[in-house]
Amino acid sequence: MLFRLTILGALMWSQAATRPVYFTAAGPVEAMRGKQAVVETSAGTIVIQLLPDAAPNHVALFMKLATEGAYAGTTFHRIVRYGVIQGGDPLSRDPARTAQYGTGGLNQLRFETNTERQTAGAVSAVLLNGQRDTAGAQFFICATDQPGLDGQYTVFGRVVDGLEVVQAISAAPADAQGRPLDRAEIRRVTIRDTPPEPFVSATPAEMAAARVVLETTMGTIELEMLPDKAPETVRSFLRLADAGVYDGIKVHRVVPNFVVQTGALAYRIQPLTSAQQRLVHNMPPEFTDTPNVPGMASIARGDDPGSGSTSFFICIGQCRALDGKYTVFARVAAGQAVLDAMSGVPVNGEAPQTDIVVRRARVEKK
């Protein structure tokens, strides 16, 4: 309860009562669908998927202000550690008006009731003293789930990339009133069409035309996809590679005359972004009679046949005992000499004594 009250206190201020003229969307909801706000901050970039069907007037005002440059130079002026971050006050451009931060840009919108929940990444309008029809330019973003706020504020967007930036801002040093000790500045907010997600609807022929090039510290390996054998595994693998999930991952297992294995997230040098994390899931098995011979790549898994995720292995020897038990999804099209070199590195058990890293995995078309 104390934590919830702390958050609520951070979202409310007193202000002399006025009779506002409420903003309403000038155009149809259809014109606002499929839009994202790219919020460039001093701590990194946050991408917000706007929700015009849930809150058309809130989205329309946010888009209008962003297009006019109204958020440039403002700050996230109030934070609750791993709770929420709050910004959008036009007064926060002026470092000399710190005492007034949180009082500007309000009384422009009526409350828009919807069923959106205050989960991590939810973007909502700030209210004046909890009065429902007092929203405006200011907004807050949940760094973690805040179910105590459900139904009390209009949710009009959701973070689809950069939640780790939100959390980092929320965890910054702050004074007793939740004001960050260093300015967490919003440099620019731009509105864009939601980019299409790659390979979501790609045909087997389109996926077969793609190759994944693994740039490693020992050389380059090129993988040719086999969507005719494992279409959904290939689709998932291409999406992971395209999103950079495999960038900076170690080759954690080398068994001479058997396999080289990489892709396990436990061996990734940097944590995934929120957008990358959403692509990670267990893959249903697509077992075939495709032989596990040198150069074939398969998804690694645990005892559960459906537990495969990001980790994969490439056969460097005859692995026929694995036939029909692992999803074969690709074959080496170039770079066999690199794999041969990996097979000869000194190991501790099965772990290379010297790190071998996939610096980058890039998707190319044939």
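This section describes the strand barrel, a buried serine, the cysteines and the salt bridges of a predicted model.

The barrel is considered first. Eight strands close into it, in the order 9-10-15-13-14-12-11-18. Their pairing is antiparallel. From one strand to the next, the twist averages 35 degrees.

Strand 11 spans residues 249-255. Five of its seven residues are buried, so the strand is largely enclosed by the rest of the structure. On one side, strand 11 runs antiparallel to strand 18 (residues 357-365), and two bridges join them. Here Ile249 stands opposite Val358 of strand 18. Strand 11 also pairs with strand 12 (residues 259-262), again in the antiparallel sense, over four bridges. In this pairing Arg253 stands opposite Gln261. The two strands form a hairpin with three residues between them. Asn257, in the turn, has a positive phi of about 65 degrees.

Strand 12 continues the barrel order to strand 14 (residues 312-315), with which it pairs over four bridges. This pairing is antiparallel too. Gln261 stands opposite Phe313 in strand 14. Gln261 is thus a shared point of reference, since Arg253 of strand 11 stands opposite Gln261 as well.

Helix 7 (residues 336-343) lies across several of these strands. They are strand 9 (210-216), strand 10 (219-225), strand 11, strand 12, strand 14 and strand 15 (328-334). The helix runs at about 120 degrees to strand 10.

Ser298 lies in strand 13 (residues 296-299), another strand of the barrel. Its relative accessible area is 0%, and Ser298 is therefore buried, as the cut-off is under 20%. Beyond its sequence neighbours up to four places away, Ser298 touches Asn292, Phe312, Phe313, Tyr326, Thr327, Val328 and Phe329. Of these contacts, Phe312 and Phe313 fall within strand 14 (residues 312-315). A polar contact of 3.0 Å joins the side chains of Ser298 and Asn292. Pro180 is remote from this site: Ser298 and Pro180 are 118 residues apart in sequence and 48 Å apart in space, C-alpha to C-alpha.

The cysteines were examined next. The structure holds zero disulfides. Cys142 is buried, at 0% relative accessibility. Cys319 is also buried, with a relative accessible area of 1%.

Salt bridges number 19 in the model. One of them joins Arg110 and Asp133, with the closest N and O atoms 3.5 Å apart. This pair links distant parts of the chain, 23 residues apart. Arg110 sits in the loop between strand 4 (84-87) and strand 5 (122-125), and Asp133 in the loop between strand 5 and strand 6 (139-142). Both partners are partly exposed, Arg110 at 48% and Asp133 at 29%.

A second salt bridge connects Arg117 and Asp150, whose closest N and O atoms are 2.7 Å apart. Arg117 lies in the loop between strand 4 and strand 5, while Asp150 lies in the loop between strand 6 and strand 7 (155-161), so the pair ties together parts that are 33 residues apart in sequence. Arg117 is partly exposed, with a relative accessible area of 48%. Asp150 is likewise partly exposed, at 22%.

Within strand 18 (residues 357-365), Glu364 forms a salt bridge with Arg362, and their closest N and O atoms are 2.6 Å apart. Glu364 is partly exposed at 30%, and Arg362 is partly exposed at 23%. Elsewhere, Glu30, Arg33 and Asp53 are joined into one network by salt bridges that share partners.

Key: Residues numbered from 1 in each chain as written. Predicted model: local features only at pLDDT ≥ 70, side-chain atom pairs only at ≥ 80, totals over all residues. Heavy atoms only, no water. Buried < 20%, exposed > 50% of the residue type's maximum accessible area, 1.4 Å probe, protein only. Pairing = 2+ DSSP bridges. Contact = heavy atoms within 4.5 Å. Polar contact = N/O pair within 3.5 Å; in protein donor to acceptor, adjacent residues only side chain to side chain. Disulfide = S-S within 2.5 Å. Axes fitted to C-alpha atoms, helices over the stretch in contact; angles between N-to-C directions. Salt bridge = Lys/Arg side-chain N within 4 Å of Asp/Glu carboxyl O.
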